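Let's take a walk through this protein together, one region at a time. Keep the viewer open as you read.

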Amino acid sequence: MRVTYFSKSSDVGPSSRYRIHQYLPYLAAAGIDCAVRPLWTPTYFALLNIAYAPVRNLLRAAYAVIRFLRRGLDLCLMGKPDLVVVEGQLFPYCPAWVEQVLAWMGRKLVVEFDDAIYLTRCHQQKMPRLLRRASAAIVGNRTLAAYAHQYASTVQVVPTVVDTTRFAPRQRSAEKAKGDKTRSPTIVWIGLAYNFSYLEVLIPALRRVRQECGAVFRVISSRPPSLPGVEVEFMPWDLSTEVAHLQDCDIGVMPLPDTEWARGKCGLKLLQYLAVGLPAVASPVGVNREIITSGVNGLLAMTSDEWSDHLSRLCREAELRERFGRAGRRTVEEQYALTLWGPRLAQTYLTLAGRPGTHIIGQPDTSLQRRCA
């Protein structure tokens, strides 16, 4: 069976990395030949970091034209795959004419998305039309599924998951574990720079735990945030170091505003924290409420006072951090592990392509999995 997947980006982009690239070994093990055709390459993310806006915008526009032409070529050369999966849309901010042509040609078109793209500029009208023309939709959570069900005939929820062999707790000797309990704890946030505004609710809490126990606040991103009165330990994000930078920490945080956009998020950073054995404090928004059972594998906080109280408690109580960390790891292993969802996604593709009776055999090539990671 052949699948052509038109992704938003190469595996440098977090969405495409977690929605398709990490699944390739599992698809191959199921006899599915999946050709991934990214729209944006690493060049796109490099352009975003250009400080001078006029130059940045000019280069991005020129780059977009080149990549749109390349996507057109990929469409012409894709042949006749059994399934065409589009992450979000083929041509951002353009009418869904190409998707309509694919539907007219009888292609089995699947639209996949893991955030509330339908809320963004120019997409309020486009996404309903796109979903009506598609054979099915694959979405990352129930909030997105509720939206897709209004227009798509078939909707499948595939949550964002993590590779638990890669995101694993750090192995500590008994002597090091004892030392960890006495040192100042490190609180971590990992994510894209355009989400820095979410961190503002943490400012009073971070000031408090810094004064009380010397807690360090680490940010793993493309650039450091500006948080008045908060000392930030900045770590540049890199695929080869992100796991180690998380494993060195003690508490993970995921603040979110209670908005329709935030309710469409899939909780990736929260799963990363739990997978490496970190207790987490998160806003009770969207899938965060499904991932975190407050008092079992983490804590939920909405107000600034709740953030302060929960972070202060976790900073003081090393045993509580350990208990939450173990429970969080179990949560990921039992519900959000790549080993669980790899075969499930393969079966979803087979079913959508009209091969529901096909049985998945074989195991993924783990060496390929490491290369994709």
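Which residues of helix H9 (residues 203-213) are buried? Bear in mind as you look that this is a predicted model. The buried residues in H9 are Ile-203, Ala-205, Leu-206 and Val-209. Looking down the axis of H9, you will find these buried residues within an arc of 160°, so they line one face of the helix. As for what they pack against, their partners are strand E7 (186-190), strand E8 (216-221) and helix H14 (304-316). Just after H9 comes Gly-214, with a positive phi of about 70°.

From here we can turn to the cores. In soluble globular proteins, nonpolar side chains tend to be buried together. In this model the largest nonpolar core has 82 residues, and those touching the most other members are Ile-187, Phe-217, Tyr-273 and Tyr-349. Helix H16 (residues 338-352) gives the most to this core, contributing six residues. There is also a second, separate core of 27 residues, and Leu-90, Ala-116, Val-139 and Val-155 are among its members.

Phe-217 deserves a closer look. Setting aside neighbours within four places in sequence, its contacts include Ile-187, Val-188 and Trp-189, along with Leu-199, Leu-202 and Leu-206. Further along the chain, Phe-217 also meets Leu-227, Val-230, Glu-231, Val-232, Glu-233 and Val-253. Leu-206, one of these contacts, is also one of the buried residues of H9.

Another residue to visit is Phe-324, in helix H15 (residues 318-335). Its relative accessible area is 1%, so Phe-324 is buried. Leaving aside neighbours within four places in sequence, Phe-324 is in contact with Pro-279, with Gly-295, Val-296, Asn-297, Gly-298 and Leu-299, and with Leu-314. For a sense of scale, Phe-324 and Leu-58 lie 48 Å apart in space, C-alpha to C-alpha, and 266 residues apart in sequence.

Now for the aromatic rings. A pair of aromatic rings is described by the distance of the centres and the angle of the planes. The whole structure holds ten aromatic pairs. In the pair of Trp-40 and Tyr-44, the ring centres are 4.8 Å apart and the planes are at 15°, so the pair is stacked. Trp-40 and Tyr-44 are both buried, and they belong to one aromatic cluster with Phe-45, Tyr-63, Phe-68 and Phe-91. Elsewhere, a charge meets a ring: the charged end of Arg-344 sits over the ring of Trp-341, 4.6 Å from its centre.

Strand E2 (residues 33-36) shows an alternating pattern of side chains. Cys-34 and Val-36 point to one face and are buried, whereas Asp-33 and Ala-35 point to the other and are not. E2 runs parallel to strand E1 (residues 2-6), and four bridges join the two. Val-36 in E2 is the bridge partner of Tyr-5.

Finally, let's check some backbone angles. Most residues other than glycine have a negative phi. Tyr-93, however, has a phi near 70°, a positive value in a residue other than glycine. Tyr-93 is in the loop between strand E3 (83-87) and helix H5 (97-104). Cys-122 also is not a glycine, yet its phi is positive, at about 75°. You can find Cys-122 in the loop between strand E4 (109-113) and helix H6 (126-133). Is Cys-122 buried, partly exposed or exposed? Its relative accessibility is 41%, so Cys-122 counts as partly exposed.

Conventions. Residues are numbered from 1 along each chain as its sequence is written. This is a predicted model: local features need pLDDT of at least 70, side-chain atom pairs count only at pLDDT 80 or more; totals for chains, interfaces and linings use all residues. Side-chain values use heavy atoms; hydrogens and water are left out. Buried means under 20% relative accessible area, exposed over 50%, partly exposed in between (1.4 Å probe, protein chains only). The arc is that of the directions from the helix axis to the C-beta atoms. Contact means heavy atoms within 4.5 Å. A nonpolar core is a set of buried Ala, Val, Leu, Ile, Met, Phe, Trp, Tyr and Cys residues joined through side-chain atoms within 4.5 Å. Rings of Phe, Tyr and Trp (its six-membered ring) pair if their centres lie within 6.5 Å; planes under 30 degrees apart count as stacked, over 60 as edge-to-face and the rest as tilted. A charge sits over a ring if NZ of Lys or CZ of Arg is within 6 Å of the ring centre and within 35 degrees of the ring normal. Two strands pair if DSSP finds at least two bridges between them.
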